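The following exercises ask the reader to work through selected local features of a protein model. Each task is followed by a solution in steps.

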Amino acid sequence: MADEAHDYVIVGGGSAGCVLANRLSADPDRRVLLLEAGGSSQHLNVRIPAAFYKLFRTSRDWEYTTDAEPHLDGRSLYIPRGKMLGGSSAMNAMIYIRGHRHDYDGWASHGAAGWSADDVLPYFKRSEDNERGADTYHGTGGPLRVSDARSLNPLTERWVEAGKEAGLPYNPDFNAATQDGVGLYQLTQQRGRRWSVANAFLDPARRRRNLTVRSGAHVTHVTIARGRATGVEYTHRGRRHRVQAEGEVIVAAGAINTPQLLMLSGVGPADHLRGFDIEPIVDNPNVGSHLMDHPVTVLTWKTSARQTLDDAETTKELLRWLTSRRGLLTSNVAEGGGFVRTSTGLDAPDMQFHFAPGYFQNHGFTTYDGRGFTIAPTLVAPVNRGTLRLRSADPAVKPQILGQFMAARADVDAMVAGIDMAREIARSRPLAEVALEELHPGPDVSTREDLEGWIRAATELLYHPSCTARMGSPSDSVVSPELRVHGVERLRVADASVMPTVVRGNTNAPTIMIAEKAAEMIAG
């Protein structure tokens, strides 16, 4: 017997789930339940933009890792995922990037009808409250604050000038007509503090009587009867509960938890499920397949510049942030960036740069006794595809993840080109004037062989897992363009896992867009 019943049960209170909870509960006749495994996002390290990396490997992080990657010297790669209301929007670098129109037009032409660039633009604009105002590409009045950096670092201005001197066009808006060029990122912030989806979408809806938000609720199973999702089972405070969904179950648990939950519920590769004594309900080998993420290499320089982010952790800067929401702690770390094409003939950029006016290595865990700046070439159109599979039938056991990163020669070639371009920008006058020494990979890494070896020894991930429950036709995907799970009625997925391919850029804004479009389809 179910403990309770709701019209819509949303699994996951992250970047997609909070949007869905807001939009679906706007109709007072709909009973909506949002279940989130983590707890509150009310923490100083969530609110302070520059402190996001201090949330890594804490109770607010799922703390996933890949298995030993065969093409990266057998190393396991770290994948932080937000385990709290707001999900990864409460622990990311707040960069507001939508991707290239080629991404969405590619989705539409390969089976995801209704998801072209022109189709999805209205949903981006619907969410947005951009401080620059409304225009063809941007909206105002939405719940999501999108702002320029409040206290831009002078080193970041040097980054833009150096990029221009190296021959890159200046791009004032990566989310407008073109993505190519160098410039500054807009951020999901409000007056110098993080503005997560919990702030934007969930908080305004919490007082609605028809919306129930339950944190600390780990969903372990979607109940499916006669080919139809009927509800979910979850654990809360050590007890097991069952809830009935009289309308739909919407899984928005993210690109790692979503395929794990589907497989635990009997939807996935049949032989794999039987190996864990899980009776297959829908045999679909695409569940957990086609994993994509953005590999990144991190280059750092010692600098003579003053007031880098290496000076941020002081009482003075904390008091400045607390009293005025200004100063070094308002930084999202990766303040500047750019998009380039590493070879001719590409339809869109394949490399994204992240520039930080401070030293940032090993996800922030490695410190440096000095001042530095960082350029991180990021491969945003990788060839490689990975897989996610169960390690156990126990929902508490983390799944097996293998990305096969840098397996393709084309990916290695692109990363080498990206490193060369990053070094060229650093040699341009505006940065060369303050660059004292290249720290990583260092001047001794100079030949093609050296660079390939360093790529395999140092490549990490930029925390953009996606595509593990991708949309398309029943033969090569998990969900339809309406986000309905193939073979199961009243069950949808709405998060980054449904992307057919990963977008060229940071994935938070596209995930919010997916949830906006999903909410409209569900309500309709």
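The exercises below concern a predicted model, and they proceed from helices to loops, salt bridges and the surface.

**Exercise 1. Packing of two helices**

Determine at what angle helix α3 and helix α4 pack, and classify the arrangement.

Solution.
Step 1. Two packed helices are described by the angle between their axes and the distance between the axes.
Step 2. Helix α3 comprises residues 101-109 and helix α4 residues 117-127; their axes are 8 Å apart and form an angle of about 120°.
Step 3. Angles of 65 to 115 degrees would count as roughly perpendicular, and those over 145 as roughly antiparallel. The angle of about 120° therefore makes α3 oblique to α4.
Step 4. The residues that meet are R101, Y104 and D105 from α3, and A117, D118, V120 and F124 from α4.

**Exercise 2. Burial of helix α7**

State how many residues of helix α7 are buried, and identify them.

Solution.
Step 1. A residue is buried when its relative accessible area is under 20%.
Step 2. Helix α7 spans residues 254-264, and 10 of its 11 residues are buried, so that the helix is mostly covered.
Step 3. The buried residues are A255, I256, N257, T258, P259, Q260, L261, L262, M263 and L264.
Step 4. After α7 comes G266, which has a positive phi near 95°.

**Exercise 3. The surroundings of P500**

Establish where P500 is placed, whether P500 is buried or exposed, and which residues P500 touches.

Solution.
Step 1. P500 belongs to the loop that runs between β25 (491-493) and α13 (508-523).
Step 2. The relative accessibility of P500 is 11%, so P500 counts as buried.
Step 3. Leaving aside residues up to four places away in sequence, P500 touches W107, A112, C467, R470 and M471.
Step 4. S466 is 34 residues from P500 along the chain, and the C-alpha atoms of the two are separated by 8.5 Å.

**Exercise 4. Backbone geometry in loops**

Describe the peptide bond between H440 and P441, and give the phi values of V333 and N362.

Solution.
Step 1. The bond joining H440 and P441 is cis, with omega about 0°. P441 is located in the loop between β23 (435-440) and α12 (448-458).
Step 2. V333 is not a glycine, yet its phi is positive, about 75°. The loop that holds V333 lies between α9 and β18 (336-340).
Step 3. N362, likewise not a glycine, has a positive phi of about 55°. N362 is in the loop between β19 (351-356) and β20 (372-379).
Step 4. The accessibilities are then assigned: V333 counts as buried at 8%, whereas N362 counts as partly exposed at 36%.

**Exercise 5. Salt bridges**

For the salt bridges of R23, E161 and D311, name the partner and locate each pair in the chain.

Solution.
Step 1. Side chains of opposite charge can pair when their charged atoms come close. The count of salt bridges comes to 32 under the criterion of a Lys or Arg side-chain nitrogen within 4 Å of an Asp or Glu carboxyl oxygen.
Step 2. R23 pairs with E516, and their closest N and O atoms are 2.8 Å apart. R23 is in helix α1 (residues 17-25) and E516 in helix α13, so this salt bridge ties together parts 493 residues apart in sequence. R23 is partly exposed at 25%, while E516 is buried at 1%.
Step 3. E161 pairs with K164, with an N to O distance of 3.3 Å. Both are in helix α5 (residues 154-165), and because they are three residues apart, about one helical turn separates them. E161 is partly exposed at 39%, as is K164 at 36%.
Step 4. D311 pairs with R371 at 2.8 Å, N to O. This pair links distant parts of the chain, 60 residues apart: D311 is in the loop between β17 (299-303) and α9, and R371 in the loop between β19 and β20. D311 is buried at 18%, and R371 is partly exposed at 26%.

**Exercise 6. A nonpolar surface patch**

Identify which residues form the nonpolar patch and which helix contributes its largest share.

Solution.
Step 1. The patch is formed by L44, L318, L319 and L322, which together have about 310 Å² of accessible area.
Step 2. Helix α9 (residues 315-324) provides the largest share, three residues.
Step 3. L322 is found in α9, and its relative accessible area of 42% makes L322 partly exposed.

Technical notes:
Residues numbered from 1 in each chain as written. Predicted model: local features only at pLDDT ≥ 70, side-chain atom pairs only at ≥ 80, totals over all residues. Heavy atoms only, no water. Patch = residues over 30% accessible without salt bridge, like charges linked within 9 Å, V, L, I, M, F, W, Y side chains within 5 Å. Areas by Shrake-Rupley, 256 points an atom, 1.4 Å probe, with all protein chains shown as cover. Helix = DSSP H or I, 4+ residues; strand = E, 2+ residues; numbered from the N terminus. Buried < 20%, exposed > 50% of the residue type's maximum accessible area, 1.4 Å probe, protein only. Axes fitted to C-alpha atoms, helices over the stretch in contact; angles between N-to-C directions. Parallel < 35°, antiparallel > 145°, perpendicular 65-115°, else oblique. Contact = heavy atoms within 4.5 Å.
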